[in-house]
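I opened the notebook to look up charged pairs, metal sites and surface character, and I note below what I found in each place.

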Amino acid sequence: MSNELRWNPVLGTWIIVAAKRQKRPWRPKDYCPFCPGAEETGYGWEVLTLPNKFPALRPDAKPSLKSEDIYKVRPGYGYCEVIVETPQHEGDLCDLTLENLKKVVDLYAERYEKLGSDPKIKYVFEFRNKGALIGVSLTHPHSQLYALPFVPPRIRRELVQARKFYKRRKKCLFCHIIELEKKTRVRLLYENEDFVLFMPFFAMWPYETHIYSKRHIQNIPQLTEEERYSLADILRVSTKMYNSLFGFDLPYIMAIHQSPTDGKKYPYYHLHVEFYPLHRDAKKIKYAAGIEWGAWTFTYDGLPEERAQQLKHSLRKAIKDEKVLGRICD
Ligand code: ZN
Ligand code: ZN
Ligand code: FE
């Protein structure tokens, strides 16, 4: 069993290579490893972090071969963890209570700080895959994290763009985007005291939305207690909105974008969360295919502004009788 990073000299990116992860042990069909009382979880918790049983990265990683010429190999050093979000076996973020989801946010902060303090960890990537369509085998609500020994390319790219903008315009790119969205308003969906939810002007996925913190900060640990409740609120609202869009639980990828943990300062970066649902309508999926994968160029069928209106409509339905901390943006 080996875990390694292989350098792609053509694209300038690392690939995480984990040799055959052992076959999952047989489990009774109705056994959930994340439910209270399971072997790894025990009782008396609301949120919980567990090491991933089949990690792509590990602290004792051994490569399967040595570097040769431009074929660089490094140990697949790092951590993969699961964040179990509730003792309840089914549901989405919107099915958690505000109090419970706030504890999830606290755990995002705690793991980011803890794993990020390892000098070899350069980035803590926290994310959530939802739905069988995304390949989630366990329905028990959970997030994941990868503590990486490098800053991943998408984040690198955002950092470069944000730094350039900061130099040229003397302000934060993300703060500026909030201003533009508030001026135009057509893609704006919901806001509370501390966060705003909108469909970006530059959406790549049909129903992509982003959550930006109103305060210019770089990561979740910097959030105050109040802001953590606000983040929990807006996460509940956005998933409620998604689940009322087509009348079924919408599969999505949720990515949290925070500053790297490589010891450098990133004053020009800005904490945000991105949702990528895969559907283009109730029955069709948007695939990343030839143009998207082969050329890294996204095509968007339709208009983001029209889909934003559709989302706002389902948002209205979704939170009509709900207690929320913010308001719909009209
Ligand atoms: Zn369960
Ligand atoms: Zn900012
Ligand atoms: Fe981002």
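**Salt bridges**

I began with a pair of charged side chains, and in this predicted model Arg111 and Glu81 meet in a salt bridge, with 2.8 Å from N to O. I placed the two partners next: Arg111 sits in helix 1 and Glu81 in strand 5, 30 residues apart, so I record the pair as a link between distant parts of the chain. I then looked up accessibility and found that both Arg111 and Glu81 are buried, Arg111 having a relative accessible area of 12%.

I also found Arg111 in a salt bridge with Glu110, where the closest N and O atoms are 3.5 Å apart. Glu110 is partly exposed, at a relative accessible area of 42%.

I turned to Lys102, which forms a salt bridge with Glu225 at 2.8 Å between the closest N and O atoms. Because Lys102 lies in helix 1 and Glu225 in helix 4 (residues 225–245), this pair ties together parts that are 123 residues apart in sequence. Lys102 counts as buried at 6% relative accessibility, whereas Glu225 is partly exposed at 48%. For the whole structure I noted 26 salt bridges.

**Metal sites**

Which residues are the protein donors of the zinc ion (ligand 1)? I listed Cys32 (SG), Cys35 (SG), His89 (ND1) and His140 (ND1), lying 2.0 to 2.3 Å from the zinc ion. The angles among the 4 donor atoms run from 104 to 118°, and the site is tetrahedral; for reference, the ideal angle for four tetrahedral donors is 109.5 degrees. Along the sequence I read the donor spacing as C-x2-C-x53-H-x50-H. Of these donors, Cys35 lies in the loop between strand 2 (13–18) and strand 3 (48–51), and His89 in the loop between strand 5 (79–84) and helix 1 (98–116), 54 residues apart. Cys35 is buried, with a relative accessible area of 18%, while His89 is partly exposed at 30%.

I then went to the iron ion (ligand 3), which is coordinated at 1.9 to 2.7 Å by Glu158 through OE, listed twice, together with His257 (ND1), His272 (NE2) and Glu274 (OE). The iron donors follow the spacing E-x98-H-x14-H-x1-E. Glu158 lies in helix 2 (residues 153–169) and Glu274 in strand 12 (residues 272–277), so this pair ties together parts 116 residues apart in sequence. I found Glu158 and Glu274 buried.

**Surface**

Last, I looked up a nonpolar surface patch formed by Val10, Leu11, Trp293 and Trp296, which together have about 560 Å² of accessible area. Trp293 belongs to helix 5 (residues 290–295) and is exposed, at a relative accessible area of 59%.

Terms used
Residues are numbered from 1 along each chain as its sequence is written. Chains are lettered from A and ligands numbered from 1 in the order in which they are written. This is a predicted model: local features need pLDDT of at least 70, side-chain atom pairs count only at pLDDT 80 or more; totals for chains, interfaces and linings use all residues. Side-chain values use heavy atoms; hydrogens and water are left out. Donors are N, O and S atoms within 2.8 Å of the metal (3.2 Å for Na, K and Ca); water is not among the atoms, so sites may look incomplete. Helices (H or I, at least four residues) and strands (E, at least two) are DSSP runs, numbered from the N terminus. Buried means under 20% relative accessible area, exposed over 50%, partly exposed in between (1.4 Å probe, protein chains only). Four donors count as tetrahedral if all angles lie between 85 and 135 degrees; four count as square planar and six as octahedral if opposite donors are over 155 degrees apart and all others between 65 and 115; anything else is irregular. Patches are made of residues with over 30% relative accessible area and no salt bridge: like charges are joined within 9 Å, nonpolar side chains (Val, Leu, Ile, Met, Phe, Trp, Tyr) within 5 Å. Accessible areas come from the Shrake-Rupley method with a 1.4 Å probe; for residues, only the protein chains shown count as cover. A salt bridge is a side-chain nitrogen of Lys or Arg within 4 Å of a carboxyl oxygen of Asp or Glu.
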